[in-house]
Amino acid sequence: MNLALHVWRQPSANVKGQMVRYDARDISPDMSFLEMLDVVNEQLTAAGQMPIAFDHDCREGICGSCGMMINGVAHGPMNGTATCQLHMRSFKDGATIYIEPWRSRAFPVVKDLVVHRGALDRIIAAGGFISAPTGSAQDANTIPIPKQNADGAMDAAACIGCGACVAACPNGSASLFTAAKISHLGLLPQGQPERDRRALRMVAQMDAEGFGHCTLYGECQDACPKEISIDTIARMNQDYIRATLAARDEKAVAGTG
Ligand code: SF4
Ligand code: FES
């Protein structure tokens with residue numbers, strides 16, 4: 001396959017970037033999108049030019065680091081697929097492909113296609129943990145968990161923290177990410193002691209990081225490579241409202257509210 005690439009090049013965070021055209025020649029349709037970029041980078045390096053910087057690690061849809069906008073779509077044209085698992089056979093021979101970094105004020109560009117996603121780490125640090133000593137794995141059925149809750153927790157735990165939901169959202173909201181992290185702990189018995197605090201702190205951190213609010217566009221769940229449902233946002237909102245009311249009642253009882 002031969003492709004015309006238009007790639008966002010930006011040497012560093014404080015330098016203005018621009019789209020630069022490259023020809024990608026003799027690309028196998030069986031290559032992943034990142035392997036195609038590897039080939040282009042080998043050619044650039046051989047020509048003495050700076051290779052295109054892009055983030056990646058596992059290359060198997062687990063680590064969440066490989067996100068980029070491909071023809072304006074987070075992770076490209078295939079639903080439920082991270083950029084590293086997107087194959088070039090998803091494009092037509094001779095296609096023109098526009099490649100840009102995540103677009104979000106909360107994700108500053110580091111270089112070319114690499115953005116800083118530390119804001120998501122800080123949301124996790126605000127409450128995405130449990131303090132119960134869980135020890136080694138329990139025998140099956142020692143703690144009965146309703147199937148619906150186990151399934152919901154497992155689905156939410158699939159979030160790889162890639163940030164595609166933020167990049168796809170017209171509001172730049174991190175609600176799907178935050179809701180996934182709140183849900184995956186909040187649905188399990190081990191996650192109950194901090195459930196209210198977790199919702200309050202993680203939502204507060206999300207706001208402090210400058211992410212926008214959720215107005216239910218639904219673009220996030222369409223962009224999510226793990227197909228996490230927008231239902232998790234409803235669950236986060238329920239937890240947040242309940243925790244806010246409980247905190248208000250506690251203050252009233254203590255005479256400080
Ligand atoms: S919710 Fe989906 S799109 Fe958002 S960070 Fe998690 S895996 Fe990525
Ligand atoms: S490189 Fe890890 S999810 Fe793509």
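I take a residue as buried when its relative accessible area is under 20%, and I keep in mind throughout that the model I am reading is a predicted one.

**Entry on His6.** I looked up His6 and placed it in strand β1, which covers residues 3-9. Its relative accessible area is 18%, and because the limit for buried is under 20%, I entered His6 as buried. I then asked which residues His6 is in contact with once its neighbours within four places in sequence are left aside. The list I wrote down holds Met19, Val20 and Arg21, together with Thr96, Ile97, Tyr98 and Ile99.

**Entry on Gly72.** I found Gly72 in the loop that runs between β3 (69-70) and β4 (73-74). With a relative accessibility of 34%, Gly72 goes into my notes as partly exposed, since that class lies between the 20% and 50% limits. I also checked Gly72 against Pro101, which is 29 residues away along the chain, and noted a separation of 9.9 Å between their C-alpha atoms.

**Entry on the helix pair.** I turned next to helix α3 (residues 147-157) and helix α5 (residues 175-186), whose axes come within 8 Å of each other and cross at roughly 145°. The crossing in which α3 passes α5 is left-handed. On the α3 side I noted Ala153, Ala156 and Ala157 as making the contact, and on the α5 side Ala180, Ser183 and His184. Sorted by class, the residues of this contact are four nonpolar and two polar, with no charged residue among them.

**Entry on ligand 1.** Which residues surround ligand 1? I listed Cys159, Ile160, Gly161, Cys162, Gly163, Ala164 and Cys165, then Leu176 and Phe177, and finally Cys224 and Pro225. Helix α5 came up again here, for both α4 (164-168) and α5 supply at least two residues each to this shell. By class I recorded nine nonpolar and two polar residues in the shell around ligand 1, and no charged ones.

**Entry on the cysteines.** From the shell I picked out two cysteines, Cys162 and Cys224, and looked up how accessible they are. Cys162 has a relative accessible area of 6% and Cys224 one of 8%, so I entered both as buried, each value being under 20%. I then asked how many disulfides there are in the model. With the requirement that a pair of cysteine sulfur atoms lie within 2.5 Å, the count I wrote down is zero.

Conventions
Residues numbered from 1 in each chain as written. Chains lettered and ligands numbered in written order. Predicted model: local features only at pLDDT ≥ 70, side-chain atom pairs only at ≥ 80, totals over all residues. Heavy atoms only, no water. Axes fitted to C-alpha atoms, helices over the stretch in contact; angles between N-to-C directions. Helix = DSSP H or I, 4+ residues; strand = E, 2+ residues; numbered from the N terminus. Left-handed = near helix turned anticlockwise from the far one by under 90°. Contact = heavy atoms within 4.5 Å. Nonpolar A, V, L, I, M, F, W, Y, C, P; charged D, E, K, R; others polar. Near = heavy atom within 4 Å. Buried < 20%, exposed > 50% of the residue type's maximum accessible area, 1.4 Å probe, protein only.
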